[in-house]
Amino acid sequence: MLLSVEGLNVFYGEAIHALRDVSFGVEEGEIVSIIGANGAGKSTLMWTLVGLLKPKSGRILMRGKPIRPIPHLSVAAGISLVPERRRLFPHLTVRENLLLGAYLRKDRKGVEEDAERVYRLFPILKERLSQYAGTLSGGQQQMLAIGRALLSRPKVLLLDEPSLGLAPVLVDQVFQAIQDIASTGTTILLVEQNALEALQIAHRAYVLEVGRIVLEGRGKDLLENPVVRAAYLGVAQHTEILLEKNQSSTNTFPAAGGEP
Amino acid sequence: MAYLEAILINVAIYAIATLGLAIFTGYTGLFSLGHAAFMAVGAYTASILTYFYKVPFFAALALGVILSVLVSLLIGYPTLRARLRSDYFAIATLGFGEAVKVILENFDLTQGARGLPGIPKFSTLGNTYLLLVLAIILCRNFLKTTYGRKIIAIGQDPVAAEMIGIPLLPNQLLSLGISAGLAGLSGGLLAHYTTFIQPSIFSMDLSSLVTAGVVCGGMGSLTGPVTAVALFVIIPELFRGFALWRLVFYGMLLVIIINWRPKGLFGYEELNRKNLPKLFSIAGITGGLSLFMPTYRWVIESRGYEIFALLVAGAVAGAVTVLFGLLGKGLSLALAPVAERYHSLRGRLSERVESTSGELWSEGQRGASCAVRHTPDGLIDGTTALYETARLTPESSKENEAANYTAGTNVKTPILELEELRKNFGGVVAVDGLSFKLSEGELLGLIGPNGSGKTTVFNLISSVYPVDGGTILFRGMDITPWGPTEVVEAGVARTFQNIRLFGSMTVLENVQAALHREGSYSLLEGFLQWPNTVPKVERRLRDESRRLLAVVGLEREADRRASTLPYGLQRKLEIARALALRPKLLLLDEPAAGLNPREATELVELIKRIHQDEGLSIILIEHHMDVVMSLCPRILVLNFGRLIASGTPEQIQKDPRVLQAYLGEKAYAVVR
Amino acid sequence: MFIQTIITGLSIGSVYALMAVGYSLVFSVLNFSNFAHGAIITLGAYIAWALMVHYLQVPFFPALLLSMGGAGILAFLNERIAYSTLRRRRAPSLYLMISAMGVAISLQNLLYATIGAKLYALPPVFAMDVVHIGELTISKMDIFAFVFSALTIAVLHLILIRTKVGVAIRAAAHDMEMVSVLGVNLDVLVGVLFFIAGSLGGMAGVFMGVKYMVYPSMGWITNKAYIGAVIGGLGSLPGAIVGGLLLGLLEALVSVSSLGGTSLSTYRDVFSFGILVILLIFKPTGFFGRHVEDKL
């Protein structure tokens, strides 16, 4: 188990028990999705993993070793977050934003290589390197945020609602990119409100409801689950959903060794 | 003894000024760093009148107070109107404080920087303490009136205060006026005690003393600041010869308190039986310290050994401190049975009120208990409780209701009409030409993916920010340009996604605050707690508040501090507060967010009850599909700020545009 | 005569600008007005006095550098003691400001209580050397101060643009939380920030000490510099420079003008504070500034 969470309890102040005894795991190379309604605790979970929130009890383990909940140590532990609504630095250039992701790294060559890979995944970024990040469109900003997170060469990439505020076409692109990244070996943990997309690409998934994990299973299985359909896909039981086949993408994200 | 008298008079004088600042800063939440300016105005006015024009003392003081109030309103109006963020506001007050001082230095009448000597010494122990006691009584009375509650509400959360119809500017000015008046009184008393004043006395150091008194004494309290200032005056006297260190001490104390104990000595609490020991401990420490030096010197004189003297002095100081502490605890315990009897008496009175509203509450309970089904380990198998709720309402009645309200074409008198509503934030279009009608008495659902503009629509209706295009018609009136308090007065109330309660007020007071338009007595009557009018009105407000709490099932929590309520109950309190505004239209923004299935079911029942019993028109934003589907006969779906669908729950669930919005373009829906 | 006034205005303005940069730098990242900056400036002057006059006979340039370093360290300690707890707790900027005032009051009065209120003079550097250009007289010290300040600010600019730490500081000005998630240790970053701001303040203090005198309430002058920072827009470095220079010019002009026969020079301070108040009410963002709402 690459990343595992045990018995996490997080409170906001005294009154709000935002995460109740949350436990789950992510294996190396997996894509794990956590879906849930607004207010279920998804962002709370992401912030806790990165150390912005301190749990009252519970542990977070990376390869079996507990990690301390301190934000600037999370990158060192191998966790990189693409936050909800991107949180880029609008008055810095695209390149400056990107390279901030590699703040802790000392290997210049490795950083340049990873930057090249990000440009191959998201070519539009290379075109706009010296533009201010604030001038990018929503979809481009999402790509930049993902690129920034990738530049720390994380063991686990966390994505907080990557589809938020994006038009459906862009959402598809982003999720395709996520799959590409995963195919090179990066482990992915993502939380989403858009249950359909999140469940489609997930190997395994969990449902978070009012701070508690209430369902788990394989992505495909949860897609068929009537409870999930009713509550999260907003469809009644007698409605059938037909899906287009996944197209393979022309943008591949090469593995670390440089193979195509 | 004259020395003791001097200390006591100083305590009283500075305490009056601090009381004033406590009202403005501690309760209304606005930091003023230039309050010495108002003391200066009061001091100079009173002194000039008594010295040059032989005006009697109290009349001169009164005129000083009046002038201070006027100056404060003059300065306060433009500054408060600008609605600065809190630190900019504080800096502006600093600027004003300095400006007043410089003006006084260059004014001929005030004899400039040389100062005004020879002021008659009219301030005595008697009249300063009389005025202090009077000031305390007036402030206490004020805070218990509707005027006081409005100010406290503003201090807790200005946005929420506006949303319940409390206009900021007039109330902040009232608070400023009262605090400036008290500062002016204090200045006049100071001048007639020290008999010589010059502008440099009213410096930033003086302002800092008073501000430090409020911060260290505790915001939202009168006891705290008065105690703190008393200590600030007394303690340096104990270490005479260290006069210059006095200010170093204040500065350090300010840093320590704001960093590690920002609530101060008596934060949001007044003196009562429980914190009596605290006061006694403070008095004990002060007493111990004050005996330290004299004991030390006495031992030195009689025996001469320094270390011995230190030990003895330390022992005496320690003994006094401990003694006072024990005394405090003992007194607190001794008073316990008295307090018990008092509370039980109050409890019996309120029970009588409860018994009439109890039935409403238990009905709600019954409704809640039938829909929950959890397996022991928390995992829900088969059907969720939420899903269950969706089947509670029989299908047929929903169709009937829907027939009345379909798609806004067959409507009765529309209570709300939005036409081509538009709002941009920077480059992002939040609301894009939205139009719909709401019929009177309708319960409408508003759903849509995150970021589709739902809360923005509420914010535009309740005038949190202005529209960029389109109109909002409420009961036929164009309320588009109206401000938040006018919208509330017209009859629109709302709740917030992230709850905005007045945390340090009790549950009851939160509702009472919203009833501010129904208390009808004058400010003067309030100050005096005029027996003919005030108690009656207050009782009526309390009873009405209890009734509203009973509607949502919170009457047993009435005296609890709102911030200690569990999340689900906080939501209910927000609804009760909104109801207190007697709205015709209620906007509920994700009321079920963060509620567990049982709480969500209770909420559904509550909303149904309110809708039917009070005959309200309601718009409900929700993400819990089941809540919306089971409550609302008609639902509007928003995406990217536009209306993409409208219809009954069944229609919405099958509408391909809706599915696309939630699921993305890859999905097609086929209905068997 | 007019040009001479301009020169006077610019010379004091350059020192104001230096102080204003210190304010704006801290404001840009931590979003609060650091009123303790004035105390740091004063302490910079006192360190120079201790080195050059009271204890040792250190020559000017080394004393300047040591004062800058000392002031930087003091500013760093100030942050550690008075602000870091509040910052970690994400307290509102008002609390930070109050803490700053507490520090300012303590330090200023500490000086009164220990060293005393006596005014001290720093040894005149460049003696009373002046340069004559036509009818104008410019003191060499002023030229030195102006040039050295400009150079230092240029170095600061390079640090912010070219170094990793500088980019991190600029990023933190927008979103401190996100920067920490990217691996930046905020305690270190803020510490560096305060060291830089403190050094600039120390330099300004030394220049003030040479130009005028050294006394405990020197910090008061820095209120003017704060006004300069507000004029230019809090949080903006170019704004601080422009604001400081502008304020110096305006003050010089007011000092020499008269309205209907009465000299306005005594009203100079009212004028400055008046500008402050009017600005805060009508345009708190100044020329280039960024306005951040209270986090409600």
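## A walk through chains A, B and C

Of the 296 residues in chain C, 55% count as buried. That is a good place to start with this predicted model, and chain C has some more overall numbers to offer.

Chain C is built with 11 helices and 4 strands. Along the principal axes, its C-alpha atoms fill a box of roughly 60 × 50 × 40 Å. A compact globule of 296 residues would have a radius of gyration near 19 Å, and chain C has 19 Å, so the two agree. Among contacts in chain C with a separation of 6 or more, 76% come from residues 24 or more positions apart.

Next come the places where chain C meets its neighbours. With chain B, 34 residues of chain C are in contact with 34 residues of chain B. On the chain C side, the elements giving two or more residues are helix 3 (60-88), helix 4 (93-114) and helix 11 (268-282). Helix 4 of chain C gives the most, with 15 residues. The contact between chain A and chain C takes 20 residues from chain A and 16 residues from chain C. Here the chain A elements that give two or more residues are helix 2 (71-77) and helix 3 (94-100), and the largest share, 5 residues, comes from helix 2 of chain A.

Chain B also has an internal division, into domain 1 (2-201) and domain 2 (412-491 + 583-672). Their centres, taken over C-alpha atoms, are separated by 48 Å. The contact between these domains takes 6 residues from domain 1 of chain B and 5 residues from domain 2 of chain B.

The residue classes of three of these contact sides are set out here.

| Side | Nonpolar | Polar | Charged |
|---|---|---|---|
| Chain C, touching chain B | 22 residues | 9 residues | 3 residues |
| Chain A, touching chain C | 13 residues | 5 residues | 2 residues |
| Domain 1 of chain B, touching domain 2 of chain B | 4 residues | 1 residue | 1 residue |

Now for a closer look at one strand of chain B. Strand 3 (residues 443-447) of chain B has 5 of its 5 residues buried, so it is largely enclosed by the rest of the structure. In a regular strand the side chains alternate between the two faces of the sheet. In strand 3 of chain B, B:Leu443, B:Gly445 and B:Ile447 point one way, while B:Leu444 and B:Leu446 point the other way. Strand 3 of chain B runs parallel to strand 8 (residues 617-621) of chain B, joined to that strand by 4 bridges. It also pairs with strand 9 (residues 634-639) of chain B, again in the parallel sense and over 4 bridges. B:Gly445 takes part in both pairings: its bridge partner in strand 8 of chain B is B:Leu620, and in strand 9 of chain B it stands opposite B:Ile635.

Finally, two arginines are worth checking in the backbone angles. A:Arg86 is not a glycine, yet has a positive phi of about 70 degrees. A:Arg86 sits in the loop between strand 6 (79-82) and helix 3 of chain A. With 24 other C-beta atoms within 10 Å, A:Arg86 is buried. B:Arg83 has a positive phi too, near 50 degrees, and belongs to the loop between helix 3 (57-81) and helix 4 (86-105) of chain B. B:Arg83 counts as partly exposed, with 13 C-beta neighbours inside 10 Å.

Methods: Residues are numbered from 1 along each chain as its sequence is written. Chains are lettered from A and ligands numbered from 1 in the order in which they are written. This is a predicted model: local features need pLDDT of at least 70, side-chain atom pairs count only at pLDDT 80 or more; totals for chains, interfaces and linings use all residues. A residue is buried if 20 or more other C-beta atoms lie within 10 Å of its own, exposed if 12 or fewer, and partly exposed in between; C-beta atoms are placed from the backbone. Two strands pair if DSSP finds at least two bridges between them. Two residues are in contact if their C-beta atoms, placed from the backbone, lie within 7 Å. Ala, Val, Leu, Ile, Met, Phe, Trp, Tyr, Cys and Pro count as nonpolar, Asp, Glu, Lys and Arg as charged, and the others, Gly among them, as polar. Domain bounds come from an automatic or database domain assignment. The radius of gyration is taken over C-alpha atoms; the globule rule is 2.2 Å times the number of residues to the power 0.38.
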